[in-house]
Amino acid sequence: SSIQAGLEAKIAGAEKTVAEADTEKASREALAEDAKNTAASKADSTEAAKKELEAAAAELKATQEALKQAQQEQKDGDAQLVVSGTKKQKIQSVMSGVFVPCKEGTMDSGTLKSGIAEVSKLGKEYSFDAALMTSLPSALSKAPDVRGSFDELVVKQVEAELQDRLVKLTAALQEGAPAQEQRAAKVAEAQASH
């Protein structure tokens, strides 16, 4: 009877161990199933994220290309305006700093020769009449009250030529301003998009 009680206790213990093992097995299978589902879900999420990354990279590349193109268009379109602006500043500088003082006779005699040379160089650069440019140094080197009618005519003609160039350059800059603003806006929009 004691052997039978001992065996029954061992059988009960073994059955309890088997029952606990079954519970543990079911729990582990549930965890394995959850892990499998989580892995599948994460794989799907990873695939979706990869596709989003590829789409974002393609969009980034497209915006970089659009920005680069807009900047190149701006550079090309503004090039002529920059040249015109530089020419205008140069003419204004020569007129106010050299020509007007020479014309009015207020330029220092030490810098008069170099000033006249600068005006002559500008006249040649803009293809002023050759005879006019030949007569200009003589006319500007004389004091205003000593100049004859021909000298005055030469000075007025050169001044008219310089003013004409200024008017044309100003008009070109004004005409180009709207297009320049459009190009700048396009670049700003491309930068914001990028």
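The radius of gyration used here is taken over C-alpha atoms, and the yardstick for a globule is 2.2 Å times the number of residues to the power 0.38. In this predicted model, the chain comes out at 45 Å, whereas a compact globule of 194 residues would sit near 16 Å. The box tells a matching story: along the principal axes, the C-alpha atoms fill roughly 155 × 30 × 20 Å.

As for secondary structure, the chain has four helices and zero strands, so the order from the N terminus reads simply α-α-α-α. Helix α1 covers residues 2-104, α2 109-125, α3 130-141 and α4 149-193.

Turning to the surface, about 13200 Å² of the chain is exposed, with carbon and sulfur atoms supplying 56% of that area. Of the 194 residues, 23% count as buried. Charges are plentiful on both sides of the ledger, with 25 positive and 31 negative, and their mean positions lie 8 Å apart. Among contacts with a separation of 6 or more, 69% join residues 24 or more positions apart.

What does the largest nonpolar core look like? It holds 24 residues, and those with the most contacts inside it are Ile91, Val119, Leu140, Val158 and Leu162. Each of the helices α1, α2, α3 and α4 puts in at least two residues. Ile91 gives a feel for the packing: leaving aside residues up to four places away in sequence, Ile91 touches Leu122, Tyr126, Leu162, Arg165, Leu166 and Leu169.

Two basic residues are worth a closer look. Lys103 belongs to helix α1 and touches Leu140, Pro144, Arg147, Val155 and Glu159, again not counting residues up to four places away in sequence. One of these partners, Val155, is 52 residues from Lys103 along the chain, yet their C-alpha atoms are separated by 7.1 Å. Lys103 has a relative accessible area of 28%, and because that value falls between the 20% and 50% cut-offs, Lys103 is classed as partly exposed.

Arg183, for its part, is found in helix α4. Is Arg183 buried or exposed? Its relative accessibility is 19%, and since buried means under 20%, Arg183 counts as buried. Beyond residues up to four places away in sequence, Arg183 touches Glu73, Gln74, Gly77, Asp78, Leu81 and Gly176. Among these contacts are two acidic residues, Glu73 and Asp78.

Technical notes: Residues numbered from 1 in each chain as written. Predicted model: local features only at pLDDT ≥ 70, side-chain atom pairs only at ≥ 80, totals over all residues. Heavy atoms only, no water. Buried < 20%, exposed > 50% of the residue type's maximum accessible area, 1.4 Å probe, protein only. Contact = heavy atoms within 4.5 Å. Areas by Shrake-Rupley, 256 points an atom, 1.4 Å probe, with all protein chains shown as cover. Charge placed at Lys NZ, Arg CZ, Asp CG, Glu CD. Core = buried A, V, L, I, M, F, W, Y, C linked by side-chain atoms within 4.5 Å.
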